[in-house]
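Trainee: I would like a close look at one part of this structure. Could you pick a helix and walk me through its surroundings?

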Amino acid sequence: MKDLRFILYHKQSTSGRTRFFRFAHGGVCGFVGLPTLSQVVDVHQEKTLSSIITHPAALLSDIQQRLGLLATDLRIDGEYHEYVDAQNMMINIYLAHFTAIDPPFEMAEKQGGRFVELAQSRDLSRPELELLRRAYQLILG
C-alpha cells in the first residue's frame, strides 16, 4: 500500500454532519502520512498517470482488519480518486465512509486517532486540505 492512501469519514444520516478520521500520525491520509513536498495533481493537467491501478475494494478487507472493523462497517466511495505527486512516485488517494449511525469513536481511540470536522483540520498540510476539500464537495454533492 506504499502508493495508496485512504481518507475515512463518517456522515450522519439524519443531519449530514461530516467528520473525518485523523490517524495517529496526525493526518487524514492513512495509514501513513503523505511525504513532505507532496502535491495534489489536477487530473486535467497533462501528467502521465499509470493506467494500471489497484482497485480500492481489493484493499478494503485489509483496512477493516487493521482498524478492527467488520466487513459491513466501511464502504469505498467509488467516485473519489485523487492523485498526489510525491516526487518519486504517484500516490492514489481513495475515500471510504463508516456505515454505522454514529462514528466509531472507540475504534478511533484504540487507533490513537480521532474524528474531526473540516473546520478542525486547518492545521493539515496543503495537499491534505485540498484532498479534504475535494472529498467534502463529493460527499455533500
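Mentor: What follows is a walk along helix α3, then its salt bridges, then the cores and a second helix. Keep in mind that this is a predicted model.

Start with the length. Helix α3 runs over residues 126-140, which makes 15 residues. At 1.5 Å a residue, α3 should span 21 Å. Its end C-alpha atoms are 21 Å apart, so the two values agree. Just after α3 comes Gly141, with a positive phi of about 75°.

Now look at which side faces inward. Buried residues in α3 are Pro127, Glu128, Leu131, Leu132, Arg134, Ala135 and Ile139. Their arc around the axis is only 165°, so they sit on the same side of α3. What lies over them? The cover of these buried residues includes strands β1 (4-11), β2 (18-22) and β3 (29-30). It also includes β4 (39-41), β5 (74-85) and β6 (90-98).

Next, the charges. Side chains of opposite charge can pair when their charged atoms come close. The count of salt bridges here comes to six. Take Arg133 and Glu130 to begin with. They form a salt bridge, with the closest N and O atoms 2.5 Å apart. The two are three residues apart in helix α3, so about one helical turn separates them. Arg133 has 37% relative accessibility, so it counts as partly exposed. Glu130 is partly exposed too, because its relative accessible area is 22%, and the cut-off for buried is under 20%.

Glu130 has another partner. Its side chain meets that of Arg134 in a salt bridge, at 2.7 Å from N to O. These two are four residues apart in α3, so again the separation is about one helical turn. Arg134 is one of the buried residues of the helix. Step back and a network appears: salt bridges link Glu82, Glu130, Arg133 and Arg134.

One more salt bridge belongs in this picture. Asp123 pairs with Arg22, and their closest N and O atoms are 2.9 Å apart. Asp123 sits in the loop between β7 (114-116) and α3, while Arg22 is in strand β2. They are 101 residues apart, so the pair links distant parts of the chain. Are the partners buried or exposed? Asp123 is at 56% relative accessibility, so it counts as exposed. Arg22 is at 6%, so it counts as buried.

Now the nonpolar cores. The largest has 19 residues. Those with the most contacts inside it are Phe6, Leu8, Phe21, Leu67, Leu74, Phe98 and Met107. Two or more residues each come from β1, α1 (57-67), β5, β6 and α2 (105-111). Helix α1 gives the largest share, four residues. Apart from this core lies another, of 18 residues. Among its members are Cys29, Ile93, Ala135 and Ile139. Ala135 and Ile139 are also on the list of buried residues in α3.

Finish with α1. Its buried residues are Leu59, Leu60, Ile63, Gln64 and Leu67. They cover an arc of only 150° around the axis, which puts them on the same side of α1. Ala58 and Gln65 are exposed on the other side. The cover of the buried residues of α1 includes β1, β5 and α2. Just after α1, Gly68 takes a positive phi of about 75°.

Definitions and conventions
Residues numbered from 1 in each chain as written. Predicted model: local features only at pLDDT ≥ 70, side-chain atom pairs only at ≥ 80, totals over all residues. Heavy atoms only, no water. Expected span 1.5 Å × (residues − 1). Buried < 20%, exposed > 50% of the residue type's maximum accessible area, 1.4 Å probe, protein only. Arc of directions from axis to C-beta. Contact = heavy atoms within 4.5 Å. Salt bridge = Lys/Arg side-chain N within 4 Å of Asp/Glu carboxyl O. Core = buried A, V, L, I, M, F, W, Y, C linked by side-chain atoms within 4.5 Å.
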